[in-house]
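Open the model in your viewer and keep the selection panel at hand. Each stop below says what to select and what is there.

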Amino acid sequence: MPERIDFWGIPFTWGSPAIFVYFLMALASTILLVRFFLRARLWWRVGRPEVRWDRVHIRLWCLIKYAIVQIKILRQKFPGIMHVGLAWGFFIFFLGTALATIDSHFLKILQGNLYLVYKFVLDTFTFLFLIGAGMAAYRRFIQRVRRLTLESGFTWSLALITLIVVGGLFTESLRLAVEKPAWALWSPLGWLLAQAWIATGALDATLMNWHLGIWIFHLLVVILTLATLPAGTLLHILTGPLNVFFSKLDRPVGQLAPLPQTANGEPLYASTLRALTWKQLLDGDACTECGRCQDVCPAFAAGKLLSPKQVILSVRTALHQDGQVLLNTVTKEPLLVGEKITDDVLWSCTTCGACVCECPVFIEHVDSIVDMRRYLVIEGRMGTELQGALENLGRYGNSFGQSERMRARWTQPIQHPIKDARREPVEYLWFVGDYASYSPTLTDITAMTAEVFRKAGLDFGILYDAERNAGNDVRRVGEEGLFEMLMEKNSVVLSKCTYKAIITTDPHTYNTLKNEYPANGVERRPVLHYTEVLDQLITTGKLKFSKNLGYKVTYHDPCYLGRYNGVYDAPRRVIEATGCELVEMPRHTDGSFCCGAGGGRIWMAEGEIQERPSEIRIREAVALDSVTAFIVACPKDVTMFRDAVKTTDNESRLEVKDLAELVHAAL
Amino acid sequence: MNQDIYVVIEHLRGQLAEISFVMLAGARELAKGLGVDVVAVMLGHKAQGLAGNPSPGSLQCLAADKVLSFDHPALADFTSDAYQIVLTDLIRKDQPRAVLFGSTSIGTDIASLISIKLGLPMVSSCRSFSAGGKFVSQICGGKIMAEGDLPGPTALVTMVPGGYKAEQGQSTQPPAITEVEVPELESLRVTLVRYIEPESGDVDITKEAVLVSVGRGIQNQDNIVLAEELAHALGGSVSGSRPVIDQGWLATSRLVGKSGKSVKPKIYLALGISGAPEHAEAITDSDTIVAINTDPAAPIFNIAKYGAEIDLFDLVEVLTAQVKAAKGG
Amino acid sequence: MNIIILVKLVPDLVEELIIDTSGVALDTAWLRLIINEFDDHAIEQGILLKERSGGVVTVVAPDIEGIDDVLFTAAAKGADRLIKIKGDFGGVNNHALARAFSTAVKELQPDLVLTGVQANNDLDGSVGPLLAGCLEMPYIGYLSGVSVSEGKSKVRKEYPGGLIAEMDVTLPAVFGIQAAEQPPRYVAVSKVRQMMKTSTIEEQTVSGVDMVGGPKIGRMFQAQTGQRATMLSGSPEEIATRLVVIFKEHGVL
C-alpha cells in the first residue's frame, strides 16, 4: 500500500532525525521571528497608531484574494504566471510539509489514494515552480526589465528558493530511483529524474548516500533561507500579506485621511518618519520593488524625478537608517522630507492613483505623498505659481484670480435662464466647478451642457456667485486649512438650498463632494457625474437622440471618475447611445493614463519635462486606427488634451470633444 | 509770498528726467490761467547747464520763466534729507501758489515730508490741470480719476506723466538763472554711497523695433518661450512688466515700466498686461500698441491702437505660425 | 532692533469700481478691500530683517473691516505684536492716517518703520513720508533692499532704467518699500487660523481724525475710455491674420 515513510533513507544512528530536524527548524524559526520582530517593531514604535484591524472577515477575504490567489499580480500575464508558479508552489509545499508533520505524529493520513494524490499535487507544483523560476531568471537576466531592481539580493533569493525546491525534487527522485515503487508515476517529475539516476548505473547504496547528502543540504538551505528571510528580499512573504490584511477599508479611495494631531491637539506634519502611521512605515517594508507603480506613473513617464517606487523605498531606507536614532534621540530628528524625499519629487505627483491601483501589496503611495505635501505647505515651500493659485483660491474662491461675481458670466448669453438654486428648490443642484465657469475656452461646453440638461427635461439650478472651488485639488496639494475653509463656505450655501441630488461635470468636484464632504459633517446627498445622469435618462427613455452620429471615437477615463470612483460604464453607454463606435484606448478603465493636471499640477510650473503626459496619451490615441475623436468627461482633460493635440501636430487627425458636445450634437 | 508756480526739476547723473518737462508743461498751463510765472527750482552741484544751452531752434531748454539754482556739493546727487531741508526753507520763505514735484523716486521722497512740516496741503498722482486750475489725479491703477480745486495757500502737487508731452515743457530759450544761498546742510541723515548700474543684459529693449511684452497673464516661466518664439519670428525681443520681473521669470534688463525702461518700438505687443499707469507711462511713445487681454476693462485698451479680447494662449502660437509663413512664403 | 510695519487696506482692482451717489467717493457696496500689495512687501522685508538680525516686529494698522485677517496673517509670518488703531477711518485720507499712526509709533520707540512706498488709492501723498514728517524722521522710498547695523541702515533705492542707488541712513528712519528681497511668503490657512486662537490684537484709540492737508475732491469719475483701441474679433486665426497685416503695414514683416 502506498504510504509516506518518515525520514526514508535517513539513518537513525544518532537518534531520531526528527529531533535533529525539529531542533534546527525551531532554531531557524526563532531567528526568523526574532529578526522579524525587531524589524517590525520599528513600525509601531516609530510610527503613529492607526486602527486597521476592524472587519476582520473582510480583511481575511482580501488576504485570500490578493495574497494567496494573487489576482492583482495576475493583471500582467508573464510576471503573473511566473509569480504564481513560485508562490503557489511554496503554499502547496508548506501545506505538504504540514500534512507530513500531522502524518508523522498525529494521524497517519498520507496513505493509500490520498497519498498518491498528495504526491501528484506536489510534483505538479514542483514543475510549475520550476517554470516560474525559469521565467524569473529570464526576466532578470535576459529581458532585464527596467522597472525591476536588478540587484544581487534578488538573485540570491531566487537562488535560495530554487535550491530548496530542486533539493526536494532530487531527494524524491533519488528515493524513487532506489525504491522504484509501483505508484512511481504518481510522482511524474520525480520519476522522470529518477530515470537519470538509474541510467548512471550507480548502486543503491551510492544513491542513498547522494540522497542523504542532498537531504542535509536541502535542510540547511531551508534553515539559511528562514534565518535570512527578514533581511533579504524574501521579507515580502511576510510583509506583503500583512500589508494586504491591513489595507484601507475604513474610507473610500477618494477620501484622504484628516490631518493628524498630537496628544495636545497640535497639528502634526509629516516632516519626519514619526508623523507617519505604522501602516505607512509597513508600506515601506512591504514593497517588493516590482516597479509596477513606476510603470503607470504619468510623472515618471514624463521624465520627472518622481517614481512612486522610489518614494516608498525612501521611506524604507529612512526607517532603517534613522529608525533607531528616532527612538533614542530627542534633540534633532532626522528629516524625511527634503532630505530623503525631495520637494520636487513630492510636487510632481498628479494624485492619479494609478500606482495605488496597480500595487500588488496595496501600498498607499498617494496618501503618504499628500501627508508630506502638508508639511511643505505649512513651511511655505512651494513654487510661486502654486502660491499664487492658493492665494487666489483663498481670496476669491477660484484659482483664476477673478471676482466671484464673474463666476456665472457664462450664463449671460444663454437664452433660457438657469434656475438659481439658492432661491428656489431644484431637483438637481449643478455644482459647475471653476474651470467650466471661468476658463474662456471652456464656457462654450458649459453652455452646451446646460442646453443638454434643459432638453433632457432636468429640473436643475446652479449656485451662481455663491459657489466656491470644491477643494479636491486644494486638499491634494496639502493645504488642508484652505480646503476646510472652502468646504465650510460651500456647505453653508448648500445647507440653505433645497435639492435632491448634486450633479457635476467635473470629476474632481465629484470626488470630494461625494467622498469627503459627508465625512466632514456636510449632509450626505447623492452626488452624480453628469454622465451618470445622462445614462439614467437614456435607459429610462427620457432622453432620446434624433441623430446617429456614427463617429469612430475613443474614450479617456478621467482618473477621479474612473479609478477613484468606479464610474466606467455610464459614459460608455452614453457614447454608444449617440451612435458612435467606441474603440477602447489600450490603457482604459482603471488603467487609464492621467492627463497630468491633477493634484494641483495644473496650477504649477511644468518644470523639467521630457514629454507631457497629455502628449503621451494623445500619441496613444492617434495610434488607434481611424479614430477621429477623443472623448473626455472632465473640463481639465479638455484643456490638457486640446493643447497636446496642438503641440503634437495632430490637429487634422484627432479632435478632442467633451461628452457633452457629443450628446449635444446627437440631440 | 507770490502766486508763481514752482517746479522742482529732477535730474539724475547729469541727465534731466523727462518728468521735469512734463511738470513744466503742466505748470505753464496753470500759470497761464493765473497770469503768473513758472519758476524752475534746481538743486545740484555745478548742474546749471542742464537748464539749457542757447542753441537756436533746438528744444532742450527748460520752458520756465526763471530758474532758482541751489548749488552745493551735498546736493550733487539726490538724497531726501538734503533736498527736503533746502526746499522746505525755500517754500517757507517764498510761499508760491503751487510747487510741482515728480511722482517719482525723487519727488515722492520729499513732497509729503514738506506737507507735514509746513502744514501745506498736498495732491498726488496728478495727471493734468483742467480749466480753472483744477487738478485731475488718477488712482486705482488708472481706472478712477479725481478732480478738485487746487488747494491753498500753497499746493504741493506730485505729477505723473501722461497728461502732457515733454515738448510742451521745452523751449528754445534758456531761462535766466538766479543763484540762491543754500541753507546749512550739516549732519545729514541720508548719504549716497554709490550707484549700481543695472545688468546690461544681452538685449537693449529701448533699441528694439518690435517688443513682445508679457505680463501676469503669462502665468508662469515655462510659457515665456511662447513669447520668445513670436518675438524671434518678428525679429524683436521679449520684455515684461513688473510682476514678471519680480517673479524672476525675466531679467531686470527686460523690465518695461516706471522703475524699468521706457521703450519706443514700432510695434509693442502687450500679452496679458493690464496696463497699470506705471507700465503705461513707459510705452506711450511706441508707434503702435497691440493689446491682448481677456479682461475687457483692462486699462491697456485705452492706450492701445489695436486690441483683442482673447486668451493669449489661444493666439500666440497661431500668430507665430502665420508670421513665419508670411516671412517664409 | 525694534521694527514697526504700517499696513493699510486698499480697493481690490479685480472688482469693478463704481462711484457712489455723492460723486466724490467709491461705492463701497461691491468694494473688496485687500492689503496694499506694497505693505505686504514691507511685512516680508520686516520679517526677513528679524530672521537675519533679530528684533521685534510690530504691525500697526487702522481698524477697518477685514483688518483682523491681515494682522493674523502677519503674525503667522512671524510678526510679534499686532496693534489696531481704533477710530473713524471710513473714507479717511493719508494725512489723517499718518497722524493717527504717529502717536502709537512714537510710543513704541522704533528703530525702523517700514511701509509700502505707495498705495493705489493715495491722493494726498503716501502714508510713509507723511508719517516721517510727523515724527521728524528721515524718509527714503522705492527701496528694494534693506540691511541694518548699529544705529544705521544701508538701503537700495530704485531709479528708472534699473539703476540702483545705495544709501546710508541714520536710524530711526521711515522706509517706503517697493519690493522685499524675496516675494512675500505663503502662509497656510491653518496657520492663520491658529494665530486667531493664540494671538491677540492690541487696540489703541485715537481721539480725532485730522484730515487737514488732503485735497478736497470735487468730482470722482471713471477714467475716460475715449480713444479705445480698435478691437479685433473672430477666431484666433482670423485675429492673427489681421495682426500680420498690421505688422506688414509697419514694415516689421
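Start with chain B and select its two domains. The centres of domain 1 of chain B and domain 2 of chain B, taken over C-alpha atoms, are separated by 32 Å. Use 5-179 for domain 1 of chain B and 205-328 for domain 2 of chain B. Such bounds come from an automatic or database domain assignment. This is a predicted model, in which local features need pLDDT of at least 70, side-chain atom pairs count only at pLDDT 80 or more, and totals for chains, interfaces and linings use all residues. Residues are numbered from 1 along each chain as its sequence is written, while chains are lettered from A and ligands numbered from 1 in the order in which they are written.

Stay in chain B, where the two domains meet. Seven residues of domain 1 of chain B and six residues of domain 2 of chain B make the contact. Two residues are in contact if their C-beta atoms, placed from the backbone, lie within 7 Å. On the domain 1 side in chain B, two residues are nonpolar, four polar and one charged. Nonpolar covers Ala, Val, Leu, Ile, Met, Phe, Trp, Tyr, Cys and Pro; charged covers Asp, Glu, Lys and Arg; the others, Gly among them, are polar.

Next, chain A. Select domain 1 (17-45 + 74-234), domain 2 (252-378) and domain 3 (386-666) of chain A. The C-alpha centres of domain 1 and domain 2 of chain A lie 36 Å apart. Their contact takes eight residues from domain 1 of chain A and 13 residues from domain 2 of chain A. The domain 1 side in chain A has four nonpolar, one polar and three charged residues.

Now pick residues 530-539 (H22) and 569-577 (H23) of chain A. Helices are DSSP runs (H or I, at least four residues), numbered from the N terminus. The axes of H22(A) and H23(A) come within 8 Å and cross at roughly 55°. H22(A) and H23(A) are therefore oblique to each other (not under 35 degrees, over 145 or 65 to 115). Show the side chains in this contact: A:Thr531, A:Glu532, A:Leu534, A:Asp535 and A:Ile538 from H22(A), with A:Ala570, A:Pro571, A:Arg573, A:Val574 and A:Ala577 from H23(A). By class, six are nonpolar, one polar and three charged.

Last stop: chain C against chain A. Eleven residues from chain C touch 17 residues from chain A. The chain C side has six nonpolar, one polar and four charged residues.

Notes. Axes fitted to C-alpha atoms, helices over the stretch in contact; angles between N-to-C directions. Helix = DSSP H or I, 4+ residues; strand = E, 2+ residues; numbered from the N terminus.
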